[in-house]
Amino acid sequence: MKFVAHAVSFTIFLGLLVVNASDRFEGVKTLPNETFTDYPKQIFRVKTTQFSWTEMLIMKWVLGMIWSECKEIWEEGPREYVLHLWNLLDFGMLSIFVASFTARFMAFLKASEAQLYVDQHVPYDTLHNVSLPPEVAYFTYARDKWWPSDPQIISEGLYAIAVVLSFSRIAYILPANESFGPLQISLGRTVKDIFKFMVIFIMVFVAFMIGMFNLYSYYRGAKYNPAFTTVEESFKTLFWSIFGLSEVISVVLKYDHKFIENIGYVLYGVYNVTMVVVLLNMLIAMINNSYQEIEEDADVEWKFARAKLWLSYFDEGRTLPAPFNLVPSPKSFYYLIMRIKMCLIKLCKSKAKSCENDMEMGMLNSKFRKTRYQAGMRNSENLTANNTLSKPTRYQKIMKRLIKRYVLKAQVDRENDEVNEGELKEIKQDISSLRYELLEEKSQATGELADLIQQLSEKFGKNLNKDHLRVNKGKDI
């Protein structure tokens, strides 16, 4: 039920993100060089920086998820929290949302200050033909005159990144489905292969980028396009050439410097062959290998991932999903009352002890020892109680160790079952050595058999000679 509740809450959050952009599906009515206001004296930026009802709901969901993440960090600790990659994704997504809304709110405050200045110092009913200070007039301009570092522009960029990360969070709940679970697991394995591949990719890419920049940096303005004349243009040209979106004219010069052009042709051709033909095909082969490994044990991998997903919802706490977790539950009120009660009891006891110490100064040492002993006993009891409360954490550690041992054993068994090239060579060598041993034993047995036959023939010949002599003697007699 907790899993279903949190999944439905996150689905509604994604729906709000879609609804927030639904008014711009058919295009924005106001062009970048146009402005619109509700009344003539209103500043344009006050209208654009206001938060809509969908954005207010999105902010509530974000606050609820932030509160849930804070409780998770408090319960598990920062170290356990960082070890899970999905937590890092959540942290990054929520941080970008907070930064986006903060920048938007700062732009709204600045625009409100400009509107307040207009309301107080402009006596006319319209802003046309009114000279305003530059810091106030800026908020009346259309989008095409905004600064590149405008808080609203930064807010829109960060919001776009946060939306992408929010939809990628769907992959966390995919292992619950039998059809999409193995696919999501294989996708995770391929991401690891892609990170390994990126090391070689970046080495080759940086080498050609710096080389082509050094070759054409002296010809800025002397080319048919600005490719390779700056580091930025060199990066763009080489990156998009991987997808076939770059032209060969990028290496052609307007001057008759054929040597530079020929070197450019060669380097550009070698780059395309290396990246497109060799490295990309190697990446495809790595991804195919990972997918085949998952498909061999797809059922076991999926069940393991599903059990791991469900176990994350078995712990206490985080019962209500966002944004309902922002509303204090009766359980939280009960815990708060119990903590206030314990604090009051401790405060009363401390005051009573201080009064007794003031009245009985003569018995200070003995009573101090006694209270110290009692305090030590209470501390020991509190420690034992804390240890009993910390048993679930120990249980979780044991379960993690058992799961790791199971996974390692499965990997070892799989490695033992597989036969690699070295083992095949050893088997061939054993078979050939056995063959030679059998041939040698056969030759030895053949020689021994020949000796036995020869001995038997000699003995049989002697016996025949003796019988022949006896027969001849009998005839003579």
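Among contacts between residues at least 6 apart in the sequence of this protein, 75% join residues at least 24 apart. The model discussed here is predicted. Its secondary structure comes to 15 helices and 0 strands. Of the 477 residues, 25% count as buried.

## Segments named in the UniProt record

The unreviewed UniProt entry places a signal peptide at residues 1–21. In the model, that stretch is 90% helix and 0% strand, and the C-alpha atoms at its two ends are 31 Å apart. The unreviewed entry also gives transmembrane regions at residues 85–107, 194–216 and 265–284. Among them, residues 85–107 are 100% helix and 0% strand, with end C-alpha atoms 33 Å apart. Residues 265–284 are likewise 100% helix and 0% strand, and their end C-alpha atoms are 27 Å apart.

## Two buried residues

Contacts between parts of the chain that are distant in sequence can be followed at P321. This proline lies in the loop between α11 (298–311) and α12 (330–359). Is P321 buried or exposed? P321 has a relative accessible area of 9% and is therefore buried, the cut-off for a buried residue being under 20%. Leaving aside residues up to four places away in sequence, P321 touches A5, H6 and S9. P321 and V4 are separated by 317 residues in sequence, yet their C-alpha atoms are 9.7 Å apart in space. The residues A5, H6 and S9, which P321 touches, fall within the stretch 1–21 that the UniProt record labels a signal peptide.

A second buried residue is E72, which is placed in helix α3. Its relative accessibility is 7%, so E72 counts as buried. Which residues does E72 touch, not counting those up to four places away in sequence? The contacts of E72 are with G77, Y81, N87 and R318.

## The second largest pocket

About 1000 Å³ of space lies in the second largest pocket. How many residues line the second largest pocket? The lining is made of 32 residues, and those nearest the centre of the pocket are D23, R24, T48, R143 and E156. By class, the lining has 12 nonpolar, 11 polar and 9 charged residues.

Several helices contribute to this lining. At least two residues each come from α1 (2–20), α2 (44–48), α3 (53–76), α5 (85–121) and α7 (151–168). The largest share, 5 residues, is supplied by α7.

## Salt bridges

Side chains of opposite charge can pair when their charged atoms come close. The count for this model comes to 9 salt bridges. The table presents three of these pairs, including two formed by residues named above for the pocket.

| Pair | Closest N to O distance |
|---|---|
| R24 and D23 | 3.6 Å |
| R143 and E156 | 3.0 Å |
| E232 and K236 | 3.2 Å |

The side chains of R24 and D23 meet in a salt bridge. R24 has a relative accessible area of 43% and is partly exposed. D23, at 56% relative accessibility, counts as exposed. Both residues are among those lying nearest the centre of the second largest pocket.

R143 and E156 also form a salt bridge. Which parts of the chain does the pair of R143 and E156 tie together? R143 lies in the loop between α6 (134–137) and α7, whereas E156 lies in helix α7, so the pair ties together parts that are 13 residues apart in sequence. R143 counts as partly exposed at 35% relative accessibility, and E156 counts as partly exposed at 36%. R143 and E156, too, are among the residues nearest the centre of the second largest pocket.

The third pair in the table, E232 and K236, joins two side chains of one helix. Why are E232 and K236 separated by about one helical turn? The two residues are 4 residues apart in helix α9 (residues 231–241), and this spacing is about one helical turn. E232 counts as exposed, with 52% relative accessibility, whereas K236 is partly exposed, with a relative accessible area of 38%.

Conventions: Residues are numbered from 1 along each chain as its sequence is written. This is a predicted model: local features need pLDDT of at least 70, side-chain atom pairs count only at pLDDT 80 or more; totals for chains, interfaces and linings use all residues. Side-chain values use heavy atoms; hydrogens and water are left out. UniProt positions are given in the numbering used here, feature names are shortened, and annotations may be inferred rather than shown by experiment. On a 1 Å grid over the protein atoms alone, a cavity is a set of points where a 1.4 Å probe fits but cannot get out, and a pocket is an open set with protein on both sides within 12 Å along at least five of seven lines; lining residues have an atom within 4 Å of a point. Grid points are joined across faces, edges and corners, and a volume is the space filled by probe spheres set on the points. Ala, Val, Leu, Ile, Met, Phe, Trp, Tyr, Cys and Pro count as nonpolar, Asp, Glu, Lys and Arg as charged, and the others, Gly among them, as polar. Buried means under 20% relative accessible area, exposed over 50%, partly exposed in between (1.4 Å probe, protein chains only). Contact means heavy atoms within 4.5 Å. A salt bridge is a side-chain nitrogen of Lys or Arg within 4 Å of a carboxyl oxygen of Asp or Glu.
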